[in-house]
Amino acid sequence: MGSGRTPSQTIGPFFHDALLDKDRSELVPPDHPEAIRIVGTVYDSAGDPVPDAMVEIWHADRAGRYDHENFSGFGRSDTVDGGSFSFVTVKPGPVAGPDGEMQAPHVMVSVFARGLLKRVVTRIYFPDEGEANASDPVLSFMEDAAFRETLIARDEGDALRFDIRLQGENQTAFFEL
Amino acid sequence: MKEMREQSPGGVVGSRRGDPPYLAPDYVATRLRAPKEPLIILPSTLSDTTGPAYGRAPVGELDNDLTRQHEGEPLGERIIVHGRVTDGDGRPVRGSLIEVWQANAAGRYTHHLDRHPAPLDSNFSGAGRCLTDDEGRYRFVTVKPGAYPWKNHHNAWRPAHIHFSLFGEAFRSRLITQMYFPGDPLFWQDPIFNSVRDEKARQRLISSFDLETTVPEWALAYRFDIVLEGRRATPMEDH
Ligand SMILES: [Fe+2]
C-alpha cells in the first residue's frame, strides 16, 4: 500500500519567512539545569557549507518518552550562519528498539535544502554512551566503522558537535524510513 | 538485525513511494548535495512512529487566508486551494499542521535573496498555515503565484507552484512538496517537477481545477489532495 503517496519536492531557497518565523531551536531554556547544546555545520561534496538548509530534530525526553508533558522534543534551525545549526535541549533517554531491546539515546534528524529533492534522515548518538552505542541495534548493523562514526557527536566541552556531510568523503550515514 | 538492509540512494524504495531520487543531474543543485552512499533502511520504532506536537500547534484564525494579512488586498487572481490529507490506507490525517509559502502574482518572493526583477506586493507575504479538520480537510485563500526564472539552465522558469510542508501523524510521515496548476506550459522544461520519474506519481503533484468549490463573482478554486506515509511502516516488497 502507500502507492498513491504524494511525492516529495525540494524545500527550495525561500522557506525562511514561512517556516522559521519563530525561533524553535531551544527545546528547553539555556539556563535549564540539564540543558545541552548541539551544534553542527551542513556541508556539500565540495566541502562548502550549505547556508540554505533547514535542520529539524525529534527526540525523547530524559526518561525515553516521546512528546511527554512539557517537553515537545521537536526543534528547527536554519543554517543561515555559514551552514551552521544549533539546538539547546536535554539529552534523551534510551528508547525501545524494533525487537523490544533498548536503543542507545539518539536524536532523529531531518535535513531539507535546495538541491535535496527529499529530506535526508540521520541520527545523532552521544559520545559518552560507549556501551549503549555498542549494543544499539542500528549502530551495530553498520559494519563500516568510519560510516558508523559519522552518527556519533563529538564532545567539544561546551557543546556536542554533529556535522552533516551530504555527499563525498566522510558522507554522513543516512536512513530510508 | 535480520530486517535491516541497505538501499542505494536512488533505488527502488524511493521510486516505489513515488519520491524522486536524490540525484537528478538536470537539477544542478543536486549534483553537490545528493548523498551517494547506500541508505540504511531503518526498522520502525517509537522514534519514527511518533511525531512532534508542533504538528498540532494552534494556528491563528486568519493564518489560512493569505489575502488578509495586510491592510489592503494583494494583486492577482484570487483562488481557493483546498483538499484532503490522508495516509496510505485512505484514513484522514486529522488536526495536522500544514504550512505553505509561495511567490506573489508577479512571481516574486518576499525573501531577501529573491533577486527576480518583478514587483513586490506590500499586501502579500506569501506564507500561511492551517490545521486539517476531522476529515483531514484543509483550505487556503490566496492569489495564484506567478512563474519565475531561476538560472538552473538557459531560460529556466519554474512552473507556478505553492510549497507545502506537512507533519502528518509521525516523524516518518513528514513531507515537504510543491503543488502545481493544471495545464502549465512550463512543466516539460522543469527538472524539479520532472525529477519524479514515475508519471502517475508526478501527476499527483498537480492540483485539479474545482468548479464546484469556486465562489461566483469572487474566486476560482483548485483541489490538491495529499497522501502521506502512515504511522506504521509500509511493508517492504521482497524481490
Ligand atoms: Fe518556489
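Student: How many residues does each chain bring to the contact between chain A and chain B?
Tutor: In this predicted model, chain A gives 66 residues and chain B gives 80 residues. A residue counts here if its heavy atoms come within 4.5 Å of the other chain.

Student: What makes up the area buried between chain A and chain B?
Tutor: The buried area is about 6500 Å². Carbon and sulfur atoms give 60% of that. On chain A's side, Arg5(A), Gln9(A) and Phe14(A) supply 14% of what chain A buries against chain B, more than any other three residues.

Student: How many polar links cross between the chains?
Tutor: Between chain A and chain B there are 34 residue pairs in polar contact, both residues at pLDDT 80 or more. Several elements of chain A line the side that touches chain B, among them α1 (16–19), β2 (53–58), β3 (74–78) and β12 (175–176), each with at least two residues. The largest share comes from β7(A), with six residues. By class, that side of chain A has 35 nonpolar, 16 polar and 15 charged residues.

Student: How many salt bridges are there between chain A and chain B, and how many over all chains?
Tutor: Between chain A and chain B the count is five. Over all chains, the whole structure has 25.

Student: Why is the pair Glu99(B) and Arg76(A) called a salt bridge?
Tutor: The side chains meet at 3.0 Å, N to O. The limit is 4 Å between a Lys or Arg side-chain nitrogen and an Asp or Glu carboxyl oxygen, so the pair qualifies. Both Glu99(B) and Arg76(A) are buried.

Student: What makes Arg62(A) and Glu34(A) a salt bridge, and what does the pair tie together?
Tutor: Their closest N and O atoms are 3.3 Å apart. That is within 4 Å, so the term applies. Arg62(A) sits in the loop between β2 and β3 of chain A, and Glu34(A) in the loop between α1 and β1 (36–43), so the pair ties together parts 28 residues apart in sequence.

Student: Are Arg62(A) and Glu34(A) buried or exposed?
Tutor: Neither label fits. Arg62(A) has a relative accessible area of 46%, and Glu34(A) has 37%. Buried needs under 20% and exposed needs over 50%, so a value in between is called partly exposed.

Student: How do you know that Glu135(B) and Arg137(B) form a salt bridge?
Tutor: The closest N and O atoms are 3.2 Å apart. The cut-off is 4 Å, so the pair passes. Glu135(B) is partly exposed at 42%, and Arg137(B) is partly exposed at 40%. Elsewhere, salt bridges with shared partners join Glu56(A), Arg76(A), Glu99(B) and Arg174(B) into one network.

Student: Why is Thr30(B) called buried?
Tutor: Its relative accessible area is 0%. Buried means under 20%, so Thr30(B) meets the test.

Student: What surrounds Thr30(B)?
Tutor: Thr30(B) lies in the loop between α1 (12–16) and β2 of chain B. Beyond its neighbours within four places in sequence, Thr30(B) contacts Gly115(A), Leu117(A) and Gln167(A) from chain A, and Tyr22(B), Leu23(B), Ala24(B) and Pro25(B) from chain B. A polar atom of the Thr30(B) side chain also lies 2.9 Å from the backbone oxygen of Tyr27(B). The limit for a polar contact is 3.5 Å, so that distance falls inside.

Student: What makes β8(A) largely enclosed?
Tutor: Six of its six residues are buried, so the rest of the structure largely encloses β8(A). Val120(A), Thr122(A) and Ile124(A) point one way, while Val121(A), Arg123(A) and Tyr125(A) point the other way.

Student: Why are β7(A) and β8(A) said to pair?
Tutor: They share six bridges, in the antiparallel sense. Pairing needs at least two bridges, so the term holds. In one of these, Ser110(A) partners Val121(A). The two strands form a hairpin with six residues between them, and Gly115(A) in the turn has a positive phi of about 90°.

Student: How do you know that β12(A) pairs with β2 of chain B?
Tutor: Two bridges join β12(A) to β2(B), residues 39–41. At least two are required, so the strands pair. They run parallel. Glu176(A) has Ile41(B) as its bridge partner.

Terms used
Residues are numbered from 1 along each chain as its sequence is written. Chains are lettered from A and ligands numbered from 1 in the order in which they are written. This is a predicted model: local features need pLDDT of at least 70, side-chain atom pairs count only at pLDDT 80 or more; totals for chains, interfaces and linings use all residues. Side-chain values use heavy atoms; hydrogens and water are left out. Buried area is the accessible area (1.4 Å probe) that two parts lose on being put together, summed over both. A polar contact is a pair of N or O atoms within 3.5 Å; within protein, one must be able to donate a hydrogen and the other to accept it, and residues adjacent in sequence count only if both atoms are side-chain atoms. Helices (H or I, at least four residues) and strands (E, at least two) are DSSP runs, numbered from the N terminus. Ala, Val, Leu, Ile, Met, Phe, Trp, Tyr, Cys and Pro count as nonpolar, Asp, Glu, Lys and Arg as charged, and the others, Gly among them, as polar. Buried means under 20% relative accessible area, exposed over 50%, partly exposed in between (1.4 Å probe, protein chains only).
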